[in-house]
Amino acid sequence: MKCPVCSYIFKSGNVCPGCGTDIVLYNKTRNISDKLYNSGLKCAEERDLTGAIEYLSRSVMVNKFNTKARNLLGLVYFEKGLVANALREWVVSSNLDKKDKTASEYLEKLQKNARELEKMNDAIRLYNLAIQYMNQHSEDLALIQLKKAVSYNPKFVDAYNLAALCNMANGNNTAAEPFVKRVLYLDKKNPTALRYLQEITPGSKVTPAADLNTKTEDTVDEIKARRKRRMSYKNLEKGIIGKPEIISFAGGVICTAAVLFALVFPTMLENKSKEIYDLKTTLENYQSYNGADGTVSYDELVSENADLKSEVDKYKNAVALQTKIGNINKAYALLANGKNKEAALLIKDIDISDLSDEDIAIYDTVRESTFASAAEDLFSEGKMYYLAGNYENAKTTLNECLDLITDESYTGEVLYYLGKTSEGLGETATAISYYEKVLSDYPNSAQAVNAQNSLDNLRSGTGTQDPSKTSSQTSNEDNQQ
Amino acid sequence: MFSFKDELKKYEPAMLIEDMEDSIYSEDFRDMFELMQYIANNKSKPRTSRDKE
């Protein structure tokens, strides 16, 4: 036992050994408070909220430190929808006994659900507004507010009671009855609701207790049914599907398929057929079209294509002409810089048939000034390549020389060296043709004898196969000449 | 049959959360034990001449 004055703890006796205080009174009040708490707890367990509030309020009135009673009182208030009252009790409780965490936990939970708390507070606000409306005889408006209030907080007992009263005031007892029953479900012995029930059903012998029992039984049944449903859902989730479910599912599938075949597919087919017919018609129209409606016909497209092609050719010719003129001008510039060979090579393949007189004059100037000297240079160069055994370059250079050559006095020589180069490249037939040409076209050429010897050697099958030998031999021949 | 007016008078506005703080401060939290202790203490004290008057 703890002395309330000096907090001295002692086992027995009614007088504190520490301070000498008589604690009989204290013990008695504490016992009364506990008894009242027990009664309140019993009422709360039986869902008699009004009775519980009555007992628990007295309990804390007798002993304000009975935090258990105060916490329970808060809980009962909360259950009745009076959230502010509940909060007040829990706040006081948590301040009176810091060690007891129950009230703190309740407050913490409420703080976490601030939105719900706000809704409950709104419900109270609407309830207060409804009282005002009812005092002003605006029962309809009051009823609207009350319905809204119970939608915000479905456990708001006082709001249900007031709604019942509102309906009763309008003479609509039938509408009042569900509200009364709801109150009696939430708070079994609510005196107001019991009174209203008697008022609504004056002849009925159904006592409130019996009514409540029925309600309880209903509730138990409901709970059982709910459990059953939940179990069946769980089974479905686990994949255990019963035979009836399979049969009904298969039936559903068959019915759906039948409906599809009977209604949907024919319509779809009809639509598709119509679409095909439309497309065919459109295609036929295109094929037989003669261009009357502003669109382009096939013949027109062909002629337009031909026109465009000719235009493209025209542009191509113009470009080619410009290139020719450009090359002539370039060659003229090279001539001015003393690069005769490059200038001659640039214009040697130019076809002058479509050039203007002015361009032809420039071309002629370049040609006359460069071709002879360029041919001589190329001959010397080709001969050097040949002597060095570089037959490929010798062949190219000597052929270019042949293109440019204007002085026929050494054409035979050029052909002879081309023959020798071909011989060096292993092209015997080509070599023979070159030698023959020397002998037939340029019989007075300086290399005519050598060409004859080479031809004889080739024909007898002892042609010059060794390039170095050929080179030295040819050099000797050249030297002799 | 009860009177609607009388019945309505029984309904009082419920306390809102914003009014809770004021309610806690204004409430007298003395319990029965404290009151009885107060009375017992007063009884044990000798009465003064002013009390007799």
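These questions and answers walk through a predicted model of two chains, A and B.

User: How many helices and strands are there in chain A?
Analyst: The model is predicted, and the secondary structure here is read from it. Chain A has zero strands. Its helices number 20.

User: What share of the residues in chain A is buried?
Analyst: Chain A has 481 residues. A residue counts as buried if 20 or more other C-beta atoms lie within 10 Å of its own. The buried share of chain A is 31%.

User: Among contacts in chain A between residues at least 6 apart in sequence, what percentage joins residues at least 24 apart?
Analyst: The count takes in contacts between residues at least 6 apart in sequence. Those joining residues at least 24 apart make up 47%.

User: Which helix of chain A gives the largest share of the largest nonpolar core?
Analyst: That core has 60 residues. A:Leu56, A:Val76, A:Tyr127, A:Leu146, A:Ala149 and A:Ala159 touch the most other members. Nine residues, the largest share, come from helix H8, residues 157–169.

User: Where does this core lie with respect to domain 1 and domain 2 of chain A?
Analyst: Domain 1 covers 24–112 and domain 2 covers 118–204. Both give residues to the core, so it lies between them.

User: Which residues are in contact with A:Leu146, leaving aside its neighbours within four places in sequence?
Analyst: A:Leu146 is one of the core residues that touch the most other members. With neighbours within four places left out, its contacts are A:Tyr127, A:Ala130, A:Ala159, A:Leu162, A:Ala163 and A:Cys166.

User: How many residues are in the other core, the one with A:Tyr363 and A:Leu415?
Analyst: This core lies apart from the largest one. Its members include A:Tyr363, A:Val366, A:Leu378 and A:Leu415. The count is 32 residues.

User: Is A:Leu184 buried or exposed?
Analyst: A:Leu184 sits in helix H9 of chain A, residues 173–186. The cut-off for buried is 20 or more other C-beta atoms within 10 Å. A:Leu184 has 22, so the residue is buried.

User: What separates the C-alpha atoms of A:Leu184 and A:Arg47?
Analyst: Along the chain the two are 137 residues apart. A:Arg47 lies in the loop between H1 and H2 of chain A. In space, their C-alpha atoms are separated by 9.4 Å.

User: What is phi of A:Arg47 near?
Analyst: Most residues other than glycine have a negative phi. A:Arg47 is not glycine, yet its phi is positive. The value is near 65°.

User: Is A:His137 buried or exposed?
Analyst: A:His137 lies in the loop between H6 and helix H7 (139–152) of chain A. Its phi is positive too, at about 65°. With 11 C-beta neighbours inside 10 Å, A:His137 counts as exposed.

User: How many residues of chain B are in contact with chain A?
Analyst: On the chain A side, 28 residues take part. Their partners in chain B number 21.

User: Which helix gives the largest share of the side of chain A that touches chain B?
Analyst: H1, H2, H4, H6 and H8 of chain A each supply at least two residues. This side divides into 17 nonpolar, six polar and five charged residues. Its largest share, eight residues, comes from H6(A).

User: Which residue of chain B does A:Tyr26 touch?
Analyst: A:Tyr26 is in helix H1 of chain A. With 21 other C-beta atoms within 10 Å, A:Tyr26 is buried. Not counting residues up to four places away in sequence, A:Tyr26 touches A:Pro4 and B:Phe33.

User: What helix of chain B helps to cover the buried residues of H4(A)?
Analyst: In H4(A), 11 of the 14 residues are buried, so this helix is largely enclosed by the rest of the structure. Its cover includes H3, H5 and H6 of chain A, together with one helix from chain B. That helix is H2 (17–26) of chain B.

User: Which helices do the buried residues of H14(A) pack against?
Analyst: H14 spans residues 340–347, and six of its eight residues are buried. Among them are A:Leu346 and A:Ile347. They pack against H13, H15 and H16 of chain A.

How values were computed. Residues are numbered from 1 along each chain as its sequence is written. Chains are lettered from A and ligands numbered from 1 in the order in which they are written. This is a predicted model: local features need pLDDT of at least 70, side-chain atom pairs count only at pLDDT 80 or more; totals for chains, interfaces and linings use all residues. A nonpolar core is a set of buried Ala, Val, Leu, Ile, Met, Phe, Trp, Tyr and Cys residues joined through C-beta atoms within 7 Å. A residue is buried if 20 or more other C-beta atoms lie within 10 Å of its own, exposed if 12 or fewer, and partly exposed in between; C-beta atoms are placed from the backbone. Helices (H or I, at least four residues) and strands (E, at least two) are DSSP runs, numbered from the N terminus. Domain bounds come from an automatic or database domain assignment. Two residues are in contact if their C-beta atoms, placed from the backbone, lie within 7 Å. Ala, Val, Leu, Ile, Met, Phe, Trp, Tyr, Cys and Pro count as nonpolar, Asp, Glu, Lys and Arg as charged, and the others, Gly among them, as polar.
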